[in-house]
Amino acid sequence: MVLTPEYNHGYPAVLKNAMDHTFVEWRRKPITFVGWGNVGGARAIEQLRQVAVEFEMAPLRHAVHILPDVLRPARTAEDPFDTSVFASLEPRLRLLARDLGWWMVALAEARSQ
């Protein structure tokens with residue numbers, strides 16, 4: 001799972017650099033995303049899906065997009081450890097985790113052959 005903000009309609013350069021330096025480790029593995037920004041990181045995630053294909057990864061369909069209406073209250077909360085502002089994202093996150101787990105097992109078995 002990759003967590004990414006969206007900067008200037010894309011993902012940060014430091015993320016691309018980290019991925020490029022660990023290219024071999026990413027190969028034939030599933031990947032999914034959690035993004036945040038003006039459109040929930042959707043544009044950054046779309047670019048990362050294309051990069052994942054070039055890395056011979058399996059980008060999953062589901063992602064979690066943290067939109068400004070959730071992010072603003074999280075940034076201004078009195079208690080920085082209060083996660084209740086993210087409660088609306090829980091169903092999507094559970095779906096994402098379930099799919100990621102399934103693909104991890106399936107691809108691990110395929111890689112072992």
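User: Quick one before we start: what counts as a helix or a strand here, and from which end are they numbered?
Analyst: Both are DSSP runs, with at least four residues (H or I) for a helix and at least two (E) for a strand, and the numbering starts at the N terminus. Also keep in mind that this is a predicted model.

User: Thanks. So where is asparagine 8 found?
Analyst: Asparagine 8 sits in the loop between S1 and H1. Its phi is near 50 degrees, which is a positive value in a residue other than glycine.

User: Is Asn8 buried or exposed?
Analyst: Asparagine 8 has a relative accessible area of 80%, so it is exposed.

User: And what about phi at histidine 9?
Analyst: Histidine 9 is not a glycine either, yet its phi is positive, at about 70 degrees. The loop between S1 and H1 holds histidine 9 too. With a relative accessible area of 48%, histidine 9 is partly exposed.

User: Why "partly exposed" for His9?
Analyst: Because exposed means over 50% and buried means under 20%, with partly exposed in between. Histidine 9, at 48%, falls in that middle class.

User: Let's zoom out. How many helices and strands does the protein have?
Analyst: There are five helices and three strands. Along the sequence they follow the pattern β-α-α-β-α-β-α-α.

User: What box do the C-alpha atoms fill?
Analyst: Along the principal axes, that box is roughly 50 × 30 × 20 Å. The accessible surface comes to about 7400 Å², and carbon and sulfur atoms contribute 57% of that.

User: How much of the protein counts as buried?
Analyst: Of its 113 residues, 35% count as buried. On contacts, taking those with a separation of 6 or more, 77% are between residues 24 or more positions apart.

User: Now the inside. Which residues of the largest nonpolar core touch the most other members?
Analyst: That core has 14 residues, and the ones touching the most other members are Val2, Tyr11, Leu15, Met19, Ile31, Phe33 and Leu48. Helix H1 (13–21), strand S2 (30–36) and helix H3 (42–54) each give two or more residues to this core. H3 supplies the largest share, five residues.

User: Where's the other core, and what is in it?
Analyst: It lies apart from the largest one and has seven residues, among them Ile66, Val70, Leu89 and Leu96.

User: Back to Val2. What is valine 2 in contact with?
Analyst: Not counting neighbours within four places in sequence, valine 2 contacts Leu15, Trp26, Ile31, Thr32, Phe33, Val34 and Leu48.

User: And threonine 4, buried or exposed?
Analyst: Threonine 4 is in strand S1, and it counts as buried because its relative accessibility is 0%. Leaving aside neighbours within four places, its contacts include Tyr11, Pro12, Leu15, Trp36, Ala44 and Leu48.

User: What is next to S1 at the start of the chain, then?
Analyst: Methionine 1 is in the segment before strand S1 (2–5). Methionine 1 is partly exposed, at 47% relative accessible area. Together with Leu3 and Leu93, Met1 forms a nonpolar patch on the surface, with about 280 Å² of accessible area between the three.

User: Different topic: how many aromatic pairs are there?
Analyst: A search of the whole structure finds two. In one, the rings of phenylalanine 23 and phenylalanine 55 have their centres 4.9 Å apart and their planes at 70 degrees, so the pair is edge-to-face. Phenylalanine 23 is in helix H2 (residues 23–26) and phenylalanine 55 is in the loop between H3 and strand S3 (58–66), so this pair links parts of the chain 32 residues apart.

User: Which of those two is buried?
Analyst: Phenylalanine 55 is, with a relative accessible area of 5%. Phenylalanine 23 is partly exposed, at 34%.

User: And the tryptophans, what kind of pair do they form?
Analyst: Tryptophan 102 and tryptophan 103 are also an edge-to-face pair, 5.0 Å centre to centre with 80 degrees between the planes. Tryptophan 102 is exposed at 54% relative accessible area, while tryptophan 103 is partly exposed at 34%.

User: Last one: what does proline 59 touch?
Analyst: Not counting residues up to four places away in sequence, proline 59 touches Ile31, Arg49, Ala52 and Val53. Proline 59 is in strand S3 and is partly exposed, at 28% relative accessibility. Proline 59 and phenylalanine 33 are 26 residues apart in sequence, with 8.7 Å from C-alpha to C-alpha.

How values were computed. Residues numbered from 1 in each chain as written. Predicted model: local features only at pLDDT ≥ 70, side-chain atom pairs only at ≥ 80, totals over all residues. Heavy atoms only, no water. Patch = residues over 30% accessible without salt bridge, like charges linked within 9 Å, V, L, I, M, F, W, Y side chains within 5 Å. Areas by Shrake-Rupley, 256 points an atom, 1.4 Å probe, with all protein chains shown as cover. Salt bridge = Lys/Arg side-chain N within 4 Å of Asp/Glu carboxyl O. Buried < 20%, exposed > 50% of the residue type's maximum accessible area, 1.4 Å probe, protein only. Core = buried A, V, L, I, M, F, W, Y, C linked by side-chain atoms within 4.5 Å. Contact = heavy atoms within 4.5 Å. Phe/Tyr/Trp six-rings, centres within 6.5 Å; stacked < 30°, edge-to-face > 60°.
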